[in-house]
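Visitor: I should like to learn how to read the features of a structural model. May we work through one together?

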Amino acid sequence: MARYYTLYLPSDICEWHYGNDDSGKPFVKAPGCMLTRSSIEQGDTVYGINVVAGTLFLVGRMRVARILSSYDEVRTELGAEAWEMPEYLLAEEGSATAMYFSRQLPWEISSELRLLRGDGSEFSLPRNSEDMLDSRMLREVRELTPASAELLDSFLEEDFAELVEEGDFEDLEEADSPMYEMDEDDDDDDDSDLTVEELTAIAMDFDNPEQLSEVMDAANAIVIEYFQSEGYRVVSPDDSDSYYDFRCTKDDEEYHVLVFGTPQEEVRFLMADADLEAATEDDNAVICIVTQPGSDDAELSVFDPDTLLDDFRYRPLQWGFWYTEIGEGEEEEENAGF
């Protein structure tokens, strides 16, 4: 018997497809990890989802024809257009709905959805302490109940063009939607905003899982060494769901350190919306970015989260930050008291 699953599509992938004018195209392929270790099989129905600011977005639906189980197979099948992900789902012909990246699921529907545990018991979509959807708990493949799949199918049958007219994203912004217009003309309106091409360049820094793991291991080691050299005790957070990576304490000082690493020379990184919100609300938070970790040219920069929107050029959804050098004649302020 066919079953129903959610597949989380990270914001950087959704952002790239949206900027690539893929809205309205069929949802015929989808990247993922651990797909072959999940219980997804040929003939099962998969719903591509994303969570932004605690709200569910329904990208599209497909019925699975094949699972590509290695990046070599992905490259052979899909060529240069494929994201560097280890696995891919391919849709049965004629089964894919159109993709839309601003198709926000009403909260009353999200609250009715139920997921299945391995023992067959049902549970609601996971929420955080603020009663918003917890994206971290939805990043793995999750099985839906048939009744929940029917709710999503009914929602997909609605004419999305009537809900959001093409190019009419100003109304969505006013309604607290995270989507925004990404036309090339908009890039000229504010020089402080990242262009779509720049955001895509940042995303490409992180689309190789093996490289990302090496970069982050090296970045974490540099950050730990730095704080320890300054006399801080460095430990992992007490709560495994904490947004930050390390808790650093010395006497009556305490810092909650969120670490980012990039293989590039430029200070640039992606940050989830929930993490940015948590960091800006935490008086003890600091952001550490390590460029070119693992090389002789590795450098550590430390920022107060409250200054990110002033010091960086950025583009939201999944926040992409790119540091702009301080102008001539300006003095650099001390970062985070270090």
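Visitor: Are F269 and F312 buried or exposed?

Guide: This is a predicted model, and in it both F269 and F312 are buried.

Visitor: How many aromatic pairs does a search of the whole structure find?

Guide: The search yields nine aromatic pairs. F269 and F312 make up one such pair, with an edge-to-face arrangement: the ring centres lie 5.7 Å apart and the planes meet at 85°. This pair joins distant parts of the chain, since F269 belongs to strand β12 (residues 268-271) and F312 to strand β15 (residues 312-315), 43 residues apart.

Visitor: Which residues form one aromatic cluster?

Guide: The cluster consists of F260, F269, F303, F312 and Y323. A further ring feature involves a charge: R268 lies over the face of W322, 4.5 Å from the ring centre.

Visitor: Let us turn to a helix. Which residues of helix α4 are buried?

Guide: The general idea comes first. An α-helix has 3.6 residues a turn, so residues three or four places apart point the same way. In helix α4 (residues 146-156), the buried residues are S148, A149, L152, F155 and L156. They lie on the same side of α4 because they cover an arc of only 120° around the axis.

Visitor: Which residues are exposed on the other side of α4?

Guide: A147 and E150 are exposed there.

Visitor: What do the buried residues of α4 pack against?

Guide: Their partners are strands β1 (4-8), β3 (45-52), β4 (55-68), β6 (114-116) and β8 (142-144), together with helix α3 (107-110).

Notes. Residues numbered from 1 in each chain as written. Predicted model: local features only at pLDDT ≥ 70, side-chain atom pairs only at ≥ 80, totals over all residues. Heavy atoms only, no water. Buried < 20%, exposed > 50% of the residue type's maximum accessible area, 1.4 Å probe, protein only. Helix = DSSP H or I, 4+ residues; strand = E, 2+ residues; numbered from the N terminus. Arc of directions from axis to C-beta. Contact = heavy atoms within 4.5 Å. Phe/Tyr/Trp six-rings, centres within 6.5 Å; stacked < 30°, edge-to-face > 60°. Lys NZ or Arg CZ within 6 Å of the ring centre and 35° of its normal.
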